[in-house]
Amino acid sequence: MKTLIDAIKSLKTTVSNVLRPVATVEFPAVIRVRAPRYRASFALTNDEHGELSCVACQACEKICPSGVIKVKSGGKRESPATGKKRQYSDEFTLDLAACIQCELCVQVCNSDAIIMVREPEQPVYRREDLVLDLDRLRANARERTAAWGTGSVLQAMQESKPRAEPKAKEEKPRVEAKPAEEPKAPAAAEGVT
Ligand code: SF4
Ligand code: SF4
């Protein structure tokens with residue numbers, strides 16, 4: 001009898017869920033409205049001369065807690081746009097598969113070169129396809145919507161944050177040193193004079 005009651009209860013739960021409105025969407029065909037600060041992937045921007053902003057300083061590579069950024073440069077060379085010598089990143093990869101979206105790479109970039117974008121990458125079958133290279137990152141800057149944060153914006157926010165006052169050190173109660181006890185004379189052995 002108890003088994004029958006349990007079966008009816010579970011059937012009731014199943015039927016009530018079947019009638020509920022669908023809570024999921026068919027991503028990526030349907031994309032929900034994103035929060036204003038939503039960010040999903042990355043891009044490498046150009047500077048005011050139309051050249052890659054990244055100067056291969058490797059600050060993003062060093063700060064990345066997941067170690068997913070690799071930047072290589074062939075050294076300084078003359079810029080065709082300005083005639084001045086500067087460094088370029090000749091190889092840049094970011095493995096999105098292991099990125100934790102902390103945005104530290106964006107925050108440390110003094111050139112505002114690496115930014116995050118609002119549109120996620122397309123779902124893929126192979127992990128290697130989530131490695132964003134220089135071409136893909138530059139294409140993202142052209143084709144996708146930049147998220148609100150850049151290195152200069154995030155650094156300015158960090159600097160304007162009031163710093164917490166350091167706590168006064170609590171003085172530990174001083175423990176008075178006990179006077180050293182007089183060493184006891186060994187008891188005279190009986191019968192010894
Ligand atoms: S993206 Fe920015 S932080 Fe990273 S190597 Fe380029 S200039 Fe440096
Ligand atoms: S957002 Fe991703 S790539 Fe950037 S520092 Fe964080 S883990 Fe590394």
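## Two ligand shells

A quick word on classes before we start: Ala, Val, Leu, Ile, Met, Phe, Trp, Tyr, Cys and Pro count as nonpolar, Asp, Glu, Lys and Arg as charged, and the others, Gly among them, as polar. Sorted that way, the shell around ligand 2 holds 11 nonpolar residues, two polar ones and one charged one. Keep in mind that what you are looking at is a predicted model. Ligand 2 has 14 residues around it, and those that come nearest are Cys-64, Cys-99, Cys-102, Leu-104 and Cys-105.

Now for ligand 1. Here, too, 14 residues sit around the ligand, with Cys-54, Cys-57, Cys-60, Cys-109 and Ile-114 coming nearest. Its shell splits into 11 nonpolar and three polar residues, with no charged ones.

## The chain as a whole

Walk along from the N terminus and the elements go α-β-α-β-β-β-β-α-β-β-α-α. That makes five helices and seven strands.

The chain has 193 residues, and 18% of them count as buried. If you take the contacts with a separation of 6 or more, 77% of them are between residues 24 or more positions apart.

## The largest nonpolar core

In soluble globular proteins, nonpolar side chains tend to be buried together. In this model, the largest nonpolar core has 24 residues, and Leu-44 and Ile-114 touch the most other members. At least two residues each come from strand E1 (41–44), helix H2 (59–63), strand E2 (69–72), strand E5 (91–95), helix H3 (104–108) and strand E6 (114–117).

Have a look at Leu-44. Skipping residues up to four places away in sequence, Leu-44 touches Leu-52, Cys-54, Phe-92, Ala-113, Ile-114, Leu-134, Leu-137, Arg-138 and Ala-141. Two names in that list may ring a bell: Cys-54 and Ile-114 are among the residues that come nearest to ligand 1.

## Strand E2 and Lys-72

Strand E2 has two faces, and its side chains alternate between them. Ile-69 and Val-71 point to one face and are buried, while Lys-70 and Lys-72 point to the other and are not. E2 runs antiparallel to E5, and four bridges join the two.

Let's zoom in on Lys-72, which is part of strand E2. Lys-72 counts as partly exposed because it has 13 C-beta neighbours inside 10 Å, where 12 or fewer would make a residue exposed and 20 or more would make it buried. Over in E5, its bridge partner is Glu-91. Neighbours within four places in sequence aside, Lys-72 is in contact with Asp-90 and Glu-91. Ala-56 is 16 residues from Lys-72 in sequence, and their C-alpha atoms are 6.8 Å apart in space.

Terms used:
Residues numbered from 1 in each chain as written. Chains lettered and ligands numbered in written order. Predicted model: local features only at pLDDT ≥ 70, side-chain atom pairs only at ≥ 80, totals over all residues. Near = placed C-beta within 6 Å. Core = buried A, V, L, I, M, F, W, Y, C linked by C-beta atoms within 7 Å. Contact = placed C-beta atoms within 7 Å. Pairing = 2+ DSSP bridges.
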